[in-house]
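Me: I'm in my first year and still learning to read structures. Could you take a close look at one part for me, the place where the two chains meet, and then show me how it fits with the rest?

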There are 2 protein chains.
Amino acid sequence: MSTQSIRVIPLGGVGEIGKNATLVEYGDDLLLVDAGLKFPEEEMLGIDLVIPDISFLQEVQHRLRGIIITHGHEDHIGALPYILANVSVPVYATSLTRGLITVKLKEHKLLGKRDVDLISSKEPLVLGPFTVQPFRVTHSIPDAVGFAIHTPAGTIVFTGDFKFDQTPVSGPPADFGTLASIGERGVLALLSDCTRVEKAGYTPSERVIRGSFDSIIRDLPGRVIITTFASNIIRVQQALDVAHRYGRKVALVGRSMENNCAIANELGFLEFPEDTVYKLDDVRRFGLDQVMLITTGSQGEPSSVLSRIASGDHRQIRAMAGDTVILSATPIPGNEETVARTIDNLMRLGSDVIYEPLADVHVSGHGSREELKLMLNLIRPRYCMPVHGEYRHLVLYRRLAAEAGIPPENVILAEIGDVVQFDDEGAKKVDHHSIGSVLVDGVNVGGTTEVVLRDRQHLSRDGVLIVAITLDQTTGSIVAGPEVVSRGFTDPSLDGEGTLIGEARERIREAIEDAATSTVEYGFVVSKVKETLSDFVYKQTRTRPMILPVITEV
Amino acid sequence: MSTQSIRVIPLGGVGEIGKNATLVEYGDDLLLVDAGLKFPEEEMLGIDLVIPDISFLQEVQHRLRGIIITHGHEDHIGALPYILANVSVPVYATSLTRGLITVKLKEHKLLGKRDVDLISSKEPLVLGPFTVQPFRVTHSIPDAVGFAIHTPAGTIVFTGDFKFDQTPVSGPPADFGTLASIGERGVLALLSDCTRVEKAGYTPSERVIRGSFDSIIRDLPGRVIITTFASNIIRVQQALDVAHRYGRKVALVGRSMENNCAIANELGFLEFPEDTVYKLDDVRRFGLDQVMLITTGSQGEPSSVLSRIASGDHRQIRAMAGDTVILSATPIPGNEETVARTIDNLMRLGSDVIYEPLADVHVSGHGSREELKLMLNLIRPRYCMPVHGEYRHLVLYRRLAAEAGIPPENVILAEIGDVVQFDDEGAKKVDHHSIGSVLVDGVNVGGTTEVVLRDRQHLSRDGVLIVAITLDQTTGSIVAGPEVVSRGFTDPSLDGEGTLIGEARERIREAIEDAATSTVEYGFVVSKVKETLSDFVYKQTRTRPMILPVITEV
């Protein structure tokens, strides 16, 4: 009975954008679709990356037949090195995606230890009971695919991230023929991208960017700096083509930009026009009106090339009057402020900056409402499960699916860890695993707990007061201290006698001496210090710094 | 000679949005236009508000003839209580603005001690050498004005925040006649709002909202919750009108919403339709399809009514399936994530949420490019100085002004503290005062320094390690400790023997004992501890927590 159903367990990508990873279960066998990371939310202080729960994958690894990857964006491949360091499992991807994964494995010193096998939309892949049929889609990176996964219990389709670009710049359009024939054969469930369900109509074709770049750059008397995602190979191609048209020499700047372009060029996904791409040092010998730089930093990331140029901090590149900077990207939610600041800084240096909405210099890689409906009408699934969206996107997708004839009860809104079962009987949540997220903090994967984050939030708000006291272990009286040290604490009075800290020290001393008994009650002293200092400080400042008594005994 | 020029000194509002405050200087006399606050930037950890430099105003208060206020938004009046607590100066505002200021003074226990005088567009105000002529503009709050300030050296015009709403909901359109006649008489300099210079065309009229509310609410079977800025009295009016049309009873929820609506109603700027506005407790006796709640929380502020409803945390209101929540506002840059989370949470509770871009439920209160040009063509100033914008807005405004015939060199881009002189000779920066911003942290106004903020940032990233050691003051050897306490520090090993902290303690002990001399070199011990622990921890975790040695001697 259980082998006549398919189960889907999202490890990420539902109720959140990023960290896409979905387990497909048939009988005893498992298949993982994508293994992405996401960037930390605002309150995850000090965290570098967030990846799916690796321990869950370790538990089930003996049943895992493989990991199949839709495309080479961070939110679909970024967790692979962390997973592969702990789980031994074959990985399958198309050519460019494999190339980008290989760059990552190299960085994590896993190359050679873990291989990635090549798949193509021409040949289905058989992994245990799963027959995986990749199909071409269009997205903001070349060589993107979705998957039809056939099992004895039926077929489920992952769209991957997609738009229906009818005039793509790189490669052919989505494989409508295959999509239609998959739909004809009958599909149990569709797991669809829903990122852009808030937008009516169609997302413009990537091709419109070429025209924008051309009209901006044609008559420019100065240098051009174009910034976009390092993985947006298609955008880079268009920039190179326009540069070539106007005889500009291009330097690709930034490690990830250089690496990604190199691998894309090597694999045939990025064509370097003749006599166009140079090393940064070599473009210097050309006049500024003959130069284009293509850099990372479209999200205002502090360590990116563009941010460093904008803050006058880049070793080789200085922005100046006469430069035109094109931000060929829109800020990811949460990055609006840093992007705005980068623009401001560039303008302060006298550069011109062109960004949305001043000109059409970016289009999304995700399909809008009409494209999502077209996918539904091609695949005609019995059930749907929207992925790659915040919770509101999932809800809006359910409504959109209703417009396309899918009853709302056939659209499952899953949360991470839900076990969603699809079979002839229906679609329902049958179980829930408590699957978390793993926080990457420096080299520490998973050691930074909720408690640590809460402490960081507390510290960041009001700072910390440390009280060091040395007590006589026989009498409980103070031998040395109290020393009070503050960091990040708002002190209206600052140093010197009669200060807030000075008075606090007196209060603590009195409180302890009043309470001194013949032996040291460690817990009692600690809570006495906390209480005394907390009350005093709150009355004076209306803030609640973290208070850390450190008691030593001699 | 100096009395034949006017000088303008921005204390805020240039290169930043918010904290509008501009000093106008003629001869020995000064006039302050607006006194706003801004909300802290992301990296100002723990800060509540940011206000203009009060100490500078204290220095010049004997020359200050008054504070004139354009309208009642926080970024134009929010700093008044802090300024008036320290500076004794008369304040002038229109009726509603005065009402809203009075609410603030009451909260700060300044009512009676400081008065606000009424001004109107009918009567110029003479303050020393300044003749102030207010003129009506339209904005997202009623009773907004701009000022023409006439001096013997010429006239300068402050637009205040404005749009040209040709069909305003509350009150008449902007006073085109007065604006044109001010322009006819000749204007030396225009200080113009430039917030929305990135947007082409015209900002839609506030009136379109009425139609949106009507079509959404007309056939709704459940409760409606509308959220907007507490100061957006005009939006509230339209919500009340639609509620009345469909027989819904309205409760105004949230302290600032209740206070602002009460004062606006009292002063005749907000009309309560018959039998429509009830107390929250009293709307309960009506069916859900007969109820509308109007609340604060459109920015996802954690303590706001809507956020608390969304997180199931409000004492009286529970969101549920059947509710429709209308977010009648767009997120201020930086608030996108918290607003998105509020929407997600409401949807998780089963409520429907309507927001931009799903429906036209918000329009801006600031004029777009065509309106900014219309203002330029009405006033026809010799010089311009854009205000109320980030640096990129100032730059874009200079280009826009060029389209309207103002040479770029006649448009001054000022920074905070610049002294900009306008006279027959030209417009130029003649001086710069080092004017800062004052951070409000709890009750502490100005005590939170850059150093404190940097420490909070450090603490928030990697946490803190405290090392307490008691040394013998004659031998320098360790009497007690080292105790190592961590907070917010990522520890891969957690508690117990053989842990990272345990090993760190050993390293420190060894380092000190190796170095022990006959007397305690306090600085030496501290730097030894820092160095030893920092190196060890970085090698183990690749993080750099703050390290705080606390050494006591016995």
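Reply: Let's begin with a term we will need: a residue is called buried if 20 or more other C-beta atoms lie within 10 Å of its own, and exposed if 12 or fewer do. Please keep in mind that this is a predicted model.

With that definition, buried residues make up 54% of the 554 residues in chain A. The C-alpha trace of chain A spans about 85 × 70 × 45 Å along its principal axes, and the chain holds 16 helices and 26 strands. Of the contacts in chain A with a separation of 6 or more, 72% are between residues 24 or more positions apart.

Now to the place you asked about. A turn of 180° with a shift of 0.0 Å along the axis lays chain B on chain A with an RMSD of 0.1 Å. That is the relation of a two-fold axis. Which C-alpha of chain B is nearest the axis? It belongs to S460(B), and it is 2.5 Å from the axis. Both copies use the same surface, as 100% of the contact residues of chain B recur in chain A.

How many residues take part in this contact? On the chain B side there are 59, and they are in contact with 59 residues of chain A. In chain B, the elements giving two or more residues to this side are three helices and three strands: α11 (336-348), α13 (391-403) and α14 (450-462), together with β24 (464-471), β25 (478-487) and β26 (546-553). By residue type, this side of chain B divides into 25 nonpolar, 15 polar and 19 charged.

Next, the domains within one chain. Chain A is divided into domain 1 (2-201 + 364-445), domain 2 (208-354) and domain 3 (450-553). The centres of domain 1 and domain 3 of chain A, taken over C-alpha atoms, are separated by 52 Å. Domain 1 and domain 3 of chain A each give four residues to the contact between them. On the domain 1 side, these are two nonpolar, one polar and one charged.

Let's look inside chain A at helix α12 (residues 369-379). The buried residues of α12 in chain A are R369(A), E371(A), L372(A), M375(A), L376(A), L378(A) and I379(A). They pack against several elements of chain A, among them β12 (187-193), β19 (381-387) and α13 (391-403). After α12(A) comes R380(A), with a positive phi, near 40°.

The largest nonpolar core has 338 residues, and A189(A) and A189(B) have the most contacts inside it. What does A189(B) touch, not counting residues up to four places away in sequence? The list is I156(B), P381(B), R382(B), Y383(B), C384(B), M385(B), F422(B) and A427(B).

One of those partners, A427(B), leads us to R7(B): the two are 420 residues apart in sequence, yet 9.4 Å apart in space, C-alpha to C-alpha. R7(B) is found in strand β1 (residues 6-12) of chain B. Is R7(B) buried or exposed? R7(B) counts as buried because it has 21 C-beta neighbours inside 10 Å. Leaving aside neighbours within four places in sequence, R7(B) is in contact with E25(B), V419(B), V420(B) and Q421(B).

Conventions
Residues are numbered from 1 along each chain as its sequence is written. Chains are lettered from A and ligands numbered from 1 in the order in which they are written. This is a predicted model: local features need pLDDT of at least 70, side-chain atom pairs count only at pLDDT 80 or more; totals for chains, interfaces and linings use all residues. Copies are superposed by least squares on the C-alpha atoms of residues with pLDDT of at least 70 in both. Two residues are in contact if their C-beta atoms, placed from the backbone, lie within 7 Å. Helices (H or I, at least four residues) and strands (E, at least two) are DSSP runs, numbered from the N terminus. Ala, Val, Leu, Ile, Met, Phe, Trp, Tyr, Cys and Pro count as nonpolar, Asp, Glu, Lys and Arg as charged, and the others, Gly among them, as polar. Domain bounds come from an automatic or database domain assignment. A nonpolar core is a set of buried Ala, Val, Leu, Ile, Met, Phe, Trp, Tyr and Cys residues joined through C-beta atoms within 7 Å.
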